[in-house]
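Student: I am new to this structure and would like to go through it carefully, one question at a time. Could you show it to me before we begin?

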Amino acid sequence: MSLNDLLVNLNLIMPITILTAWACVLLLVDLFIPKERKGITALLAALGLLVALALVISRAGVATSAFNGMIMIDGFATFMSVIFLFSGLAGIAVAYDYLIRSGIERGEYYVLLLFSIVGMMLMAAAADLIMVFLALELLSIPLYVLAGIAVPRPDSEEAALKYFLLGAFASGFFLYGTALVYGATGSTALTEIVSATTSGGVNLSFLVIGAGLILVGLGFKVAVVPFHMWTPDVYQGAPSSVTAFMAVGAKAAGFAALLRIFVLAFPPLAMDLTPVLWALAAFTMIIGNVIAIAQRNIKRMLAYSSIAHAGYIMMALVPYGQGNVAADTVASALFYLLAYMLTSFAAWAVVIALEHNMGEGRDTDGLSLEDYSGLGQKQPALAAAMTVAMLSFIGIPPTLGFVGKFYLLRTVIEGGFPGLALIGLLTSLVSAYYYLRVVVYMYMRDGEPVVRREPWLYFTALATAVGVVVLSIFSEPLFNWASQAVLKLI
Amino acid sequence: MEYGLILEWIIKAVLMLLILLIGFAYTTYLERKVLARMQVRYGPNRAGPKGLLQPVADGVKLIFKEELIPAKADKLLFILAPVITVLPALTILAVVPFGGTVNLFGREITLSIAGDLNVGILYLTAVTSITVYGMVLAGWASNNKYAMMGGIRATAQVISYELALGLAFIGPILLASSMSVNEIVNAQGRMGWFFIYQPIGFIIFLIATLAEINRVPFDMPEAEQELVAGYHTEYSGMKFALFMMTEYIKMIVVAVLAATFFLGGYLGPFVDQVPWLGPVYLFIKVFILVFGIIWVRATWPRFRYDRLMAFGWKIMLPLAVLNVLLTGAFIILFPGVIR
Amino acid sequence: MLLEYLPIAVLLILALLLAGIVIALGHMFGPRHPTERKSMPYESGMRPIGPGTRRMPVHFYLVAVLFILFDIEVMFFLPWAVIYKKLGVFGLVEMLIFIAILGVGYVYVWKMGALEWE
């Protein structure tokens, strides 16, 4: 490598480079911003995200590989980067006021957010298992710190410690799987893995076990059963703005890695891995939805609902090995991730608006279902946003969630797994109970909800809710865009 | 695996240990004499002619001392700690070459135990780090809060300066393109002694190693006026002797390392023709450096602990990094000079 | 390659033997008359107050963690230094970027006061 090569490569991944440099400089700049003006850090962070977004969009349509094939900038990476950057912007918007009123306002929050997004973007573009690991650590470690940033609160510390310990273990599993795959195929690059497997002479048992361990490591990140145990406690304990960002970003990144690794590198192993994926998807959907019924705390309920949605996306991953369906797998998963991002932020923005510190005239913290009573009359806009979000989660038209689930189910049926599709449908039906329960509380009970009137929060809730409805009208072109983002072997 | 080779190793190891032991004994004597003369007094001159048997007397006295193990102290760790502290001091010099190759008993013998080890410097940094365990275990096992505090503070000091020390090693590696200590000495033969090319690095090395061995001006953790005697408060008899052994042997070791990395090691005039001159030159350089260390003890006051830590983190570390970058730039700008 | 380490192992064993002999000498020849006064932890002659081990200031933990971070950085310098002459300007620039990123962390740590008070 020479200096010229280095500069050319850095230029190829310019959005990631710029965002990294921006985050580093922002950390230094933040040291000199006085405590009362930390809003400037938020503004600068958002500016950085916008610059990165502009760069990503301006470079869309060009497929290149950088750093000797370790990073692949293609349509897939572009699509996912757009999702990550938007979730970053939404994350900053919902955090801005929440941090001030919770007394945890620190400039480092926004810097950590930026670093995590860099990790996510790298994860979507990684074409080598080592790069995936690097990106996994880069996106996880800021999230561990962010989960514990509300430090005087014990459940925040508990959430951070749990997340960190289990996350470190999962990274260990991932690394072990990578080692086994390397031992079996002699390379960690995804393209070389698949060519080594198809040309034969590979120790298949090592490869399958390695693939399984990689599935474990990434499955923890996206919270599929049985690696979901951390999700309710961490989602509940972490500050709500962090949870909102985590629920979308980390999940989407984990799925990006799963999709890329499995569709690119493990098609020959489909025979062994598909039953495993089937079982994972089925159990995740069932357990996520069923346990959510019993939750009274809205953060825990949304945590279990996110587990269930991981199950739905996993459902689409099941037929990845069949050549003609693989394209649909990726497209429908990407589409659903987009839908999930918008819906999730709508729901979480309303949750954050209702959450309040104990003792503000009430003796609850605004997070149980009863606190939503009467929202329909007192704050119709927020209630409408929440309703749209709930409907989208269930999958009722005219929301984006409906279209997303439709595409997911179609992929599964095309792949020849009608049983799994049936489970998906039934569990969606079951989920209607706890989602609609929130709507019932909002509109058909009376109460005095304490709501925080904050412009950015309102804006996020309404914008995402509107997006969910409006984009569902334009779902066809969106899905085509997602289809073009299908991975090709470069 | 020929027996001759194994015998050669054993003899070299025994010789080195003997040299280190005798060196330790007479370094204590040298220190007491030099300090005394600098303070206008005589120093030990009773035991034997000119006090030369003083170290022997001290050793015998320590053997016959009562060994107290405090109540409720962790017995195993209490006995193990001085051993853990002294082992690295004795084994660091395995990778340092004391001379070229000599011809003895019909064999070619290199005057070093493992000088050709291609990760020699990594071995050095690794082994020096083990001393930290001994210090903190000694403090912990004594069941004495002053010893514990002393142990932790000594540990914090040592690891803070270990960063600058590691970075000071990088300079010679850059110049010689190898981590093998033998290779570094050979490179100095080709290019000239490294302290010409690495003046800042040399000074950083000397300061960092002074802090590593807890000598003045960095001996706060064990100064008599502070914290009683730091982590070896509760030690008596031969275990205490082991701690003293560590300190003085490390003094010698540090001088040998400084001489090897920056002052040409065993190189000097006519060393190719007469290989036995190698150890002699090394001895001279080491003697001068050890004298310098003792001189520093006689002259300078000690740092206050917080200033010591601030110095290590805020001045030494950035300076050491700067030194590495400067050396790197120098190598690129003057490729002919560095061969 | 393992053969190169064997002399070091020999030295280590002999050094262990030496340390063992030293301690054994002390045990053999030293008198043993423990009394209650002599076995108490030393606190300048008075009866010790409080337990022998208490909690240490958490600042030491911070120093240790920072040491680990910067020591890993130093470890990365080692292989870079060995092949530096072959890398040329690219090597220097690469290391400058590495140091710059770590420098950001270092400045942050300095400004936040983690390097103070001890």
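Tutor: Helices, of at least four residues, and strands, of at least two, are DSSP runs numbered from the N terminus. Please keep in mind throughout that this is a predicted model.

Student: How many helices and how many strands does chain B have?

Tutor: Read from the N terminus, the elements of chain B run α-α-α-β-β-α-α-α-α-α-α-α-α. Taken together, the secondary structure of chain B comes to eleven helices and two strands.

Student: What radius of gyration does chain B have, and what would a compact globule have?

Tutor: The C-alpha atoms of chain B fill a box of roughly 65 × 50 × 50 Å along the principal axes. For 339 residues, a compact globule would have a radius of gyration near 20 Å, which agrees with the value for chain B, 21 Å.

Student: What percentage of the residues of chain B count as buried?

Tutor: A residue is buried if 20 or more other C-beta atoms lie within 10 Å of its own. Among the 339 residues of chain B, the part that counts as buried is 54%.

Student: Which helix gives the most to the largest nonpolar core?

Tutor: The largest nonpolar core has 193 residues, and those touching the most other members include Leu114(A), Met123(A), Ile313(A) and Leu337(A). The element that gives the most to this core, with 24 residues, is chain A's helix H14.

Student: Which residues is Leu337(A) in contact with, leaving aside its neighbours within four places in sequence?

Tutor: Leu337(A) is among the residues of the core that touch the most other members. With those sequence neighbours left aside, the contacts of Leu337(A) are Ile83(A), Ala252(A), Phe255(A) and Ile313(A).

Technical notes:
Residues are numbered from 1 along each chain as its sequence is written. Chains are lettered from A and ligands numbered from 1 in the order in which they are written. This is a predicted model: local features need pLDDT of at least 70, side-chain atom pairs count only at pLDDT 80 or more; totals for chains, interfaces and linings use all residues. The radius of gyration is taken over C-alpha atoms; the globule rule is 2.2 Å times the number of residues to the power 0.38. A residue is buried if 20 or more other C-beta atoms lie within 10 Å of its own, exposed if 12 or fewer, and partly exposed in between; C-beta atoms are placed from the backbone. A nonpolar core is a set of buried Ala, Val, Leu, Ile, Met, Phe, Trp, Tyr and Cys residues joined through C-beta atoms within 7 Å. Two residues are in contact if their C-beta atoms, placed from the backbone, lie within 7 Å.
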